[in-house]
Amino acid sequence: MSAVSPARAIALDAGAGWDAALRGVPHGIAHTRAYCEAMAAATGRAVELIAIDAPGGRALCPIAERRFAGEPDAVTPYGMSGFATAGGVPDLAARWRGLAEERGWVCAYVAQNPLLGDLTSFPASERHRRNSVFALDLTVGEERLWAGLSTNRRRQLRGWPALRERLVTDRAPLTDFLVREYPGFMARREAGPAYRMDAAGLERLCAMPGAFLVGAGDGDRLEAASLFAATPHAGDFVFNVSVPGGEHHSVALIWYAVERMREAGVPVINLGGGVREGDALAEFKRRFGARRLPLESLRQVFRVEEHRRLCALAGADPGGRGGFFPPYHAVEAGEPAAVVTEKGF
């Protein structure tokens with residue numbers, strides 16, 4: 001082990017220390033202390049902010065540790081985080097691996113937000129791309145944003161000022177709706193274990209600084225609600241919940257968020273992607289005029305023999321990199337090892 005720690009870990013209860021590490025580093029909502037506190041509450045897993053400092057540079061990545069048969073591995077919490085970097089950190093991959101050795105991680109899964117950095121400093125064998133996300137540049141102005149919409153999107157938003165007036169923005173009823181309907185909504189879509197969150201965590205997500213809710217319905221009955229959040233560097237479509245038949249409200253809810261973030265000076269919004277590359281959900285987001293960005297993740301094995309042993313215990317294929325990772329957690333989570341659970345959409 002190196003005499004100098006390759007990184008420092010900042011705990012949630014460090015408070016101002018977490019916030020100080022973020023200053024000067026372009027980051028998303030999933031890097032903030034409030035978001036990670038909500039994730040810790042939602043999942044029961046402690047979250048830390050890993051800071052890797054270099055002369056003139058810093059890389060930050062939130063992680064949680066999981067255990068299987070007593071052995072630890074690392075994972076980025078639900079959402080679009082990964083490495084947020086300011087300046088250069090030329091030995092990022094080596095320092096990250098050094099941290100893994102210090103912690104005794106068997107594996108690490110890092111979902112990388114492509115708006116904030118990339119994984120090119122890591123070996124190609126450890127990087128995996130299976131999807132894309134769609135980002136909308138909010139700096140181009142209102143007219144160009146409207147011109148970028150597909151013909152069908154403009155039709156759906158016809159009479160927008162009146163449509164906007166009918167939207168619901170009161171946080172309390174929207175939070176109640178989202179918390180109540182979230183489990184059933186995710187169950188109907190057979191969402192993976194990364195989407196399992198309890199009521200306390202969902203409530204904290206809805207209440208965090210930088211977040212807002214918008215919803216729609218029929219008369220006094222809410223049928224859909226969406227949670228968005230932003231930092232000065234980027235906005236995120238965190239998730240949407242609707243009752244059966246309420247899906248058609250999504251266009252108006254997203255366009256409300258686009259306008260609100262643009263007016264607040266947020267430069268870009270990440271709409272997420274589809275469940276699979278090029279599926280109907282991906283096409284839905286592309287039609288807002290958004291550009292496609294590659295969604296990569298790190299899928300690293302540090303302790304090869306231990307990884308094989310744990311996969312054997314779980315009856316999983318140790319060579320699997322394209323599905324749930326690490327494969328032995330798929331069985332623990334009640335998911336087939338082939339199910340892919342990328343985060344952020």
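**View 1. Strand S10 and its partners in the predicted model.** In this predicted model, strand S10 (235-242) has eight of its eight residues buried, so the strand is largely enclosed by the rest of the structure. On one hand S10 pairs with S9 in the antiparallel sense, over seven bridges, and a hairpin of four residues joins S9 to S10. Within this pairing Ala230 stands opposite Gly235 of S10, while Ser226 has Asn240 of S10 as its bridge partner. S10 is also joined by two bridges to strand S11 (residues 268-270), and these two strands run parallel. Gly235 takes part here as well, with Ile269 as its bridge partner in S11.

**View 2. Strand S9 and the hairpin that links it to S8.** Strand S9 (221-230) has nine of its ten residues buried, so S9 too is largely enclosed by the rest of the structure. Its pairing with S8 is antiparallel and extends over eight bridges, and in it Ala216 stands opposite Ala224 of S9. The hairpin of S8 and S9 has two residues between the strands, and in this hairpin Gly219 takes a positive phi near 65 degrees.

**View 3. The buried side of helix H8.** In helix H8, which spans residues 199-207, the residues Gly201, Leu202, Leu205 and Cys206 are buried. They cover an arc of only 140 degrees around the helix axis, which means that they lie on the same side of H8. The elements that cover these buried residues include helices H2 (33-43) and H7 (171-188), together with the strands S8 (211-218), S9 (221-230) and S10 (235-242).

**View 4. The crossing of helices H7 and H8.** The axes of H7 and H8 come within 10 Å and cross at roughly 145 degrees, and the crossing in which H7 passes H8 is right-handed. From H7 the contact is made by Arg171, Thr175, Leu178, Val179 and Tyr182, and from H8 by Ala199, Leu202, Glu203, Cys206 and Ala207. By character, the residues of this contact divide into seven nonpolar, one polar and two charged. Leu202 and Cys206, named here on the H8 side of the contact, are also among the buried residues of that helix.

**View 5. Helix H2 and the residue that follows it.** Helix H2 has buried residues at Tyr35, Cys36, Ala38, Met39, Ala40 and Ala42. What covers them includes helix H1 (16-22), strand S2 (47-54), strand S3 and helix H8. After H2 comes Gly44, whose phi is positive, near 80 degrees.

**View 6. Ala69 in the loop between S3 and S4.** Ala69 lies in the loop that runs between strand S3 (57-68) and strand S4 (71-75). Although Ala69 is not a glycine, its phi is positive, at about 50 degrees.

**View 7. Ala147 of helix H4 and Phe288.** Ala147 is found in helix H4 (residues 142-148), and this alanine counts as exposed because its relative accessibility is 55%, where the cut-off for exposed is over 50%. The C-alpha atoms of Ala147 and Phe288 are separated by 9.6 Å, although the two residues are 141 residues apart along the chain.

**View 8. The cis peptide bond before Pro326.** Phe325 and Pro326 are joined by a cis peptide bond, with omega about -10 degrees. Pro326 has its place in the loop between helix H11 (304-314) and helix H12 (327-332).

Terms used
Residues are numbered from 1 along each chain as its sequence is written. This is a predicted model: local features need pLDDT of at least 70, side-chain atom pairs count only at pLDDT 80 or more; totals for chains, interfaces and linings use all residues. Side-chain values use heavy atoms; hydrogens and water are left out. Buried means under 20% relative accessible area, exposed over 50%, partly exposed in between (1.4 Å probe, protein chains only). The arc is that of the directions from the helix axis to the C-beta atoms. Contact means heavy atoms within 4.5 Å. Axes are lines fitted to C-alpha atoms, for helices over the stretch in contact, and angles run from 0 to 180 degrees between N-to-C directions. A crossing is left-handed if the near helix is turned anticlockwise from the far one by less than a right angle, and right-handed if clockwise. Ala, Val, Leu, Ile, Met, Phe, Trp, Tyr, Cys and Pro count as nonpolar, Asp, Glu, Lys and Arg as charged, and the others, Gly among them, as polar. Two strands pair if DSSP finds at least two bridges between them.
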